[in-house]
Structures are given as structure tokens and as C-alpha cells.
Amino acid sequence: MSVTELIKKVNFNDSCVNELVYENETVILNIDLCMWKQNEYQDGDPELKEVILKFLNSTNYNWDSEKREDEIDYDSIVDVTFEEGTVKIVLEDEGISILTFKCSEVQIN
């Protein structure tokens, strides 16, 4: 799926990132997605769902944070944008972390 489709379809705000890995030009995010923020959510459905996002053929990877990627521990997603081919994910924990990379295709599991 395209990144544009993903961002239009899924509300990531307040969801938490459990793990971030960048290898073989793929950015992998393990997220506890807030299902209660999604349009299709109905009372009684699970409020959280573990989701794996794989951003394929990623380039220009940049992690801007006081901490290392492997120190992520349930950081909250504040914002996700996609402009001119660049994904920008802003996370908040004790401080702000910003992840940016170029990509156009994503798999969601």
C-alpha cells in the first residue's frame, strides 16, 4: 500500500511504538495501535492491536533524539506526516524524538 493511503486510513495519534528497527533499507515499527481512534471502531472491540509496519525501500533514514532507537519503550506517536516522499514520525516520551525517511510503499501486518 502507498504511504499516502496508510496515513489517510489509519489514525496513529496516541498509539505507542514498542520497537524501531532499520535494516536492509526497511524501517520496521512495532506499534500498539489505538483501535478506539479508528473510524471502524465499535464498542466492545479490543482497544489496542499490535501492528507491524514495514516501510520498504527506505532511504535518507534519520533518527533525531537524545536516545538511541533501541531505547524506545512505549513512546507515544504525536504526529505522522508524508510530504514530498518523506515520512516524518514524531514520538514523545520524556523528550521528543523525530524519525524521518524517504519511502513510498508500506506493508501493514
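In this predicted model, strand β1, residues 16-23, pairs with β2 in the antiparallel sense, and the pairing runs over 7 bridges. Within that pairing, C16 stands opposite D32 in β2. The two strands form a hairpin with 2 residues between them, and in this hairpin N24 takes a positive phi near 50°.

On β2 there is a second pairing. Strand β3, residues 48-56, is also antiparallel to β2, here over 8 bridges. I28 marks one position in this pairing, standing opposite K54 in β3. Strand β2 itself covers residues 26-34, and 8 of its 9 residues are buried, so the strand is largely enclosed by the rest of the structure. In a regular strand, side chains alternate between the two faces of the sheet.

T26 lies in β2. T26 counts as buried because its relative accessible area is 14%, and the cut-off for buried is under 20%. Leaving aside neighbours within four places in sequence, T26 is in contact with V21, K54, F55, L56 and S58. K54 thus appears in two roles: it is the residue opposite I28, and it is among the contacts of T26.

The loop between α1 and β1 contains S15. How buried or exposed is S15? Its relative accessible area is 0%, so S15 is buried. Beyond four places in sequence, S15 touches I31, D32, L33 and C34, and also D75, S76 and I77. D32, one of these contacts of S15, is the residue that C16 stands opposite.

The cysteines can be taken next. How many disulfides does a search of the whole structure find? The count is 0. For C16, the closest cysteine sulfur is that of C34, and the separation of 6.3 Å is too far for a bond; a disulfide would need the two sulfur atoms within 2.5 Å. C34 is likewise in no disulfide, its nearest cysteine sulfur being that of C16. Both residues are buried: C16 has 9% relative accessibility and therefore counts as buried, and C34 is buried with a relative accessible area of 5%.

Enclosed space comes next. The structure holds 1 cavity of 30 Å³ or more, and the volume of the largest cavity is about 60 Å³. Its lining consists of L6, I7, F12, L29, I31, L53, F55, I77, V80, V87 and I89. The elements giving two or more residues to this lining are α1, β2, β3, β5 (75-83) and β6 (86-92). By class, the lining has 11 nonpolar residues, no polar and no charged ones. Some of these lining residues have been met above: F55 is among the contacts of T26, while I31 and I77 are among those of S15.

The open space is described in the same way. About 180 Å³ lies in the largest pocket. Lining this pocket are M1, L6, K9, V10, L33, M35, Q38, E40, K49, V51, I108 and N109. Here the elements that contribute two or more residues are α1 (3-9) and β3. The lining of the largest pocket divides into 7 nonpolar, 2 polar and 3 charged residues. L6 belongs to the lining of the pocket and also to that of the largest cavity. L33, another residue of the pocket lining, is in contact with S15.

Two isoleucines take the reader to other parts of the chain. I72 is found in the loop between β4 (59-64) and β5. With a relative accessible area of 7%, I72 is buried. Not counting residues up to four places away in sequence, I72 touches V17, N18, E19 and L20, together with W63, K67 and L91. In sequence, I72 and C103 are 31 residues apart, and their C-alpha atoms lie 22 Å apart in space.

I96 lies in strand β7, residues 96-102. Its relative accessibility is 47%, so I96 counts as partly exposed. Across 30 residues of chain, the C-alpha atoms of I96 and E66 are separated by 8.2 Å. Beyond four places in sequence, I96 touches D64, S65, V90 and L91. L91 is therefore a contact shared by the two isoleucines, as it is listed for I96 and for I72.

Methods
Residues are numbered from 1 along each chain as its sequence is written. This is a predicted model: local features need pLDDT of at least 70, side-chain atom pairs count only at pLDDT 80 or more; totals for chains, interfaces and linings use all residues. Side-chain values use heavy atoms; hydrogens and water are left out. Buried means under 20% relative accessible area, exposed over 50%, partly exposed in between (1.4 Å probe, protein chains only). Helices (H or I, at least four residues) and strands (E, at least two) are DSSP runs, numbered from the N terminus. Two strands pair if DSSP finds at least two bridges between them. On a 1 Å grid over the protein atoms alone, a cavity is a set of points where a 1.4 Å probe fits but cannot get out, and a pocket is an open set with protein on both sides within 12 Å along at least five of seven lines; lining residues have an atom within 4 Å of a point. Grid points are joined across faces, edges and corners, and a volume is the space filled by probe spheres set on the points. Ala, Val, Leu, Ile, Met, Phe, Trp, Tyr, Cys and Pro count as nonpolar, Asp, Glu, Lys and Arg as charged, and the others, Gly among them, as polar. Contact means heavy atoms within 4.5 Å.
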